[in-house]
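Reader: Please take one part of this model and go through it closely, along with whatever lies around it. Explain the terms as they come up.

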Amino acid sequence: MKTRSEIYEKEGTTILRILSTYHTLTYEQVLRTFNRKPETIRNLISNLLKQGRIFYDADKEILCDRPERASSPDYAMIAAYWVLLDFDNALVYHTCGEFPITITFFSGDEEYEIIYVQPGQEVLLNHVLSKANTSVNRLVIVTSQEQAKQLQIPNVIAFCIVEKDGKVNYYRKGR
């Protein structure tokens, strides 16, 4: 059985890993990453902040791996991480993707891609992703249902609209 110190150390390592992977996340996202008492994670975050290993912008409520990232947080990544958190207990592995994929993850035996579509990039993403020969499940983040109507991306299992508070609304495009 692991001691409290070993668990605390493992969780600290996990915070450092997710912030070095995703660079900027909200304070709430980091708390929700763990299935522990929020106060325990707050204390751990506080210790990492004091050590200068992570950075916090209180105005934006953003935790970062480097202080300069707080001035221009990646809101696409933050939105994609909210979607990822919905798979919390079923996650096997997750990591940052390469454009146009924001996050790649495995849940059970299935592979998923989370794709964030900036307004105005619909034609580009239709072109890039239509050529991809893959059977991966795709979750596509859009800003509106009207934007989703402009997309012709294969293997989309759901379109998502992510609210600022982290609530994710899922829907399928009508046929």
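Author: The account below starts at one helix and works outward from there.

This is a predicted model, in which local features need pLDDT of at least 70 and side-chain atom pairs count only at pLDDT 80 or more, while totals for chains, interfaces and linings use all residues. Residues are numbered from 1 along each chain as its sequence is written, and side-chain values use heavy atoms, with hydrogens and water left out.

The part is α4, residues 75–85. Helices (H or I, at least four residues) and strands (E, at least two) are DSSP runs, numbered from the N terminus. α4 is largely enclosed by the rest of the structure, because 10 of its 11 residues are buried. Buried means under 20% relative accessible area, exposed over 50%, and partly exposed in between, with a 1.4 Å probe and protein chains only. The buried residues run from A76, M77, I78, A79 and A80 on to Y81, W82, V83, L84 and L85.

At the N-terminal end, α4 is capped by D74, which has a side-chain oxygen 3.2 Å from the backbone nitrogen of A76. The backbone nitrogen of D74 is in turn reached by the side chain of T24, at 3.4 Å. A polar contact is a pair of N or O atoms within 3.5 Å; within protein, one must be able to donate a hydrogen and the other to accept it, and residues adjacent in sequence count only if both atoms are side-chain atoms.

T24 belongs to strand β1, residues 24–26, and is buried at a relative accessible area of 2%. Beyond its neighbours within four places in sequence, T24 is in contact (heavy atoms within 4.5 Å) with I62, L63, C64, R69, P73, D74 and I78.

I78 leads to the largest pocket, whose volume is about 460 Å³. The pocket has 20 lining residues, and the closest to its centre are Y75, I78, W82, E163 and K164. Two or more lining residues come from each of α2 (27–32), α4 and β8, and α4 gives the most, with 4. By class the lining has 11 nonpolar, 2 polar and 7 charged residues. Ala, Val, Leu, Ile, Met, Phe, Trp, Tyr, Cys and Pro count as nonpolar, Asp, Glu, Lys and Arg as charged, and the others, Gly among them, as polar. A pocket, on a 1 Å grid over the protein atoms alone, is an open set of points where a 1.4 Å probe fits, with protein on both sides within 12 Å along at least five of seven lines; lining residues have an atom within 4 Å of a point. Points are joined across faces, edges and corners, and a volume is the space filled by probe spheres set on them.

From the pocket, β8 (residues 156–162) leads on to β7, with which it pairs in the parallel sense over 4 bridges; strands pair if DSSP finds at least two bridges between them. In β7, R138 stands opposite V156 of β8, and E113 also stands opposite R138. β6 (residues 110–116) and β7 pair in the parallel sense too, over 5 bridges.

In β7 (residues 137–141), 5 of 5 residues are buried. Side chains in a regular strand alternate between the two faces of the sheet. Both faces of β7 are covered, N137, L139 and I141 being on one side and R138 and V140 on the other.
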